[in-house]
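Notebook open, model loaded. I want to go through the ligand site, the aromatic rings and a loop or two.

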Amino acid sequence: MDRRSTPDGLPTATLRETIAIISQVMAPNVAKGVILRRPNVVGMVERFGLDAKGIRQLQALSKKYGRGPLMLKVPGKKMAVVLDPADANHVLEHTPEPFATDEALKRSALGHFEPDMALVSHGEARQTRRQLNERVLQSGCPHHLFADAFTQVVEEEADALVARTNTRFDELDWPTFQRAWERIVRRVVLGDSARDDRTVTRELVRLRKAANWGFMHPKRKRLQQRFEQHLAFYYQQAEPHSLMAMLFHHSTEETDSDQAPLQQVPQWLFAFDPAGMAAFRALALLCVHPEFAARALDDVNDTPPPDMDCLKASVLEALRLWPTTPLILRQSTQPTQWTPGEMPAHTSVLIHTPYFHRDERYLHAAHRFTPEMWLRPDGERRWPLVPFSGGPGICPGRHIVLLVTSRLLAALLRRARWELHPPGKLSSETPMPGLLSPFHLRFRLERFSSDDATTA
Ligand code: HEM
């Protein structure tokens, strides 16, 4: 596309339109909790359909202003919203120069517990830290070196979760699922001995609560120190088949002081939260699409495992319909040229993923469960479907997320018959809601007999 300079600046939204974007697009997402979700607010946003209103607001602006990007009239801050799919791809592909990941709002939030993490670093330090993340998480590889060990963890925890249903409940709700999920996450990231270390999770939750308020909340330095000491203990242990072991290996191999290895770990722990939400939502989607669930389960034993399968596609589809990173932020490091004009340096650039993921003007099944689209080769998807971001800043943990969540779904489906409760919460006959709160989902389950379970 032609991005040559024109003498004029970019179009700017009126004050009224800016207020509408802030109140309908940004405020609901900030209120839901950017770093730690607030379940009550998520429930309210779901009930009042606020996410769908935000999408309609941006669609109206793209109709009026064309391709954008559109500058907003925010006092004391340069901010633009991306409205065109090619522009969204352009921004993501040109990360971190001239579109840096360490945007100011992100820095103020993540600064509470991981100020030296790759995402909020720039220049050489970012490059070194990004590289370390890529090595440990094996960013380019759908089958992590520890994939079998992670699968084993998932199987054991799924067993424990479903076994409890015989004695204490025949329903699965979010708090019960979350406890099991957190055990999986601690074992995968920190090692098996961290399975029941709820203290480390609680410390991070308290730091994330402060981070939700960004610069408006004072830093909790003593808590952060305690949390870091806790992580340092697991780093020294470097338990086999954990991400900590991999981190220990790669960070001691190269003693680059810029690496800040322990500062990368909180991101892994906290970013597993949305993965749990996506898995829970995918389970709901599979309940109301039983034929696809059966096909997915059939595929699961294919050897060698394909890079993409139906369960991974279901998780991706849950993330398309209800992205867990709805706002991707970049900050321009220099003036940039666009077809309609110039964007000044130091502009915060906002990519609202639901606007692209749910655009029925371009995606004919925008509001339907269409996992098939993820089974097609990547090259056929130029539209910005970017639950994990894209370009050089793409989430390096995406393959681990898809591996662990898809293995968990397989383990649950093999152990029981699942039904959404109440069943009318979601339907294959009607468009998918703008938001599906994972915190308010419940499932009825009928456990398969022990004979069936042992063959699983
Ligand atoms: C459903 C779960 C997840 C989703 C949707 C997700 C999505 C994303 C997105 C959109 C970004 C880019 C953010 C930005 O540019 O501002 C990102 C960055 C990142 N994610 Fe994830 N993520 C998930 C889970 C994970 C997990 C489990 C890990 C680690 C085990 C991880 C590691 C990272 C790291 C290290 C970065 C920073 C990359 C950089 O600095 O360039 N993510 N993730």
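Before naming any loop, I need the element rule: helices (H or I, at least four residues) and strands (E, at least two) are DSSP runs, numbered from the N terminus. With that in hand, I place P335 in the loop between β5 and β6. I keep in mind throughout that this is a predicted model.

**Entry: the β5/β6 loop**

I looked up T333 as well, and it is in the loop between β5 (327-332) and β6 (336-338). Is P335 buried or exposed? Neither, as it turns out: its relative accessible area is 43%, so I log P335 as partly exposed. T333 has 27% relative accessibility, and therefore I put T333 down as partly exposed too. The cut-offs I used are under 20% for buried and over 50% for exposed.

I also took some C-alpha distances from this loop. From T333 to C310 I get 40 Å, with their positions 23 residues apart along the chain. P335 and L231 are also 40 Å apart in space, C-alpha to C-alpha, and they are 104 residues apart in sequence.

**Entry: the iron**

Which protein atom donates to the iron atom of the ligand? I find a single donor from the protein, SG of C395, at 2.3 Å. I traced C395 to the loop between α16 (372-375) and α17 (398-415).

**Entry: the shell around the ligand**

I listed 26 residues around the ligand, and the ones that come nearest are K106, R126, R130, R330 and C395. Then I went through three of the arginines. In R126, a side-chain N or O atom is 2.7 Å from an oxygen atom of the ligand. For R130 I read 2.7 Å again, between a side-chain N or O atom and a ligand oxygen. R330 has a polar side-chain atom 2.7 Å from an oxygen atom of the ligand.

Which elements give two or more residues to this shell? I get α6 (123-137) and α12 (261-287). The most comes from α12, with six residues. Sorting the shell by class, I have 15 nonpolar, seven polar and four charged residues.

**Entry: aromatic rings**

How many aromatic pairs does the structure hold? I get 15. I picked out W174 and F280: their ring centres are 5.4 Å apart and the planes make 65°, so I call the pair edge-to-face. The cut-off for that label is over 60 degrees. W174 belongs to helix α8 (residues 174-189) and F280 to helix α12, so this pair ties together parts 106 residues apart in sequence. Both W174 and F280 are buried.

I then looked at W418 and F443, another edge-to-face pair, with 6.3 Å centre to centre and 85° between the planes. This one links distant parts of the chain, 25 residues apart: W418 sits in strand β9 (residues 416-420) and F443 in strand β10 (residues 442-447). I have W418 and F443 both down as buried.

Following the ring pairs along, I end up with a cluster of W174, F177, W181, F272, F280, W418, F439 and F443. So both pairs I picked out belong to that cluster.

**Entry: a charge over a ring**

Last lookup: where does the charged end of R38 sit? I find it over the ring of W213, 5.2 Å from the ring centre.

Conventions. Residues numbered from 1 in each chain as written. Predicted model: local features only at pLDDT ≥ 70, side-chain atom pairs only at ≥ 80, totals over all residues. Heavy atoms only, no water. Near = heavy atom within 4 Å. Polar contact = N/O pair within 3.5 Å; in protein donor to acceptor, adjacent residues only side chain to side chain. Nonpolar A, V, L, I, M, F, W, Y, C, P; charged D, E, K, R; others polar. Phe/Tyr/Trp six-rings, centres within 6.5 Å; stacked < 30°, edge-to-face > 60°. Buried < 20%, exposed > 50% of the residue type's maximum accessible area, 1.4 Å probe, protein only. Lys NZ or Arg CZ within 6 Å of the ring centre and 35° of its normal. Donors = N, O, S within 2.8 Å, 3.2 Å for Na, K, Ca; no water.
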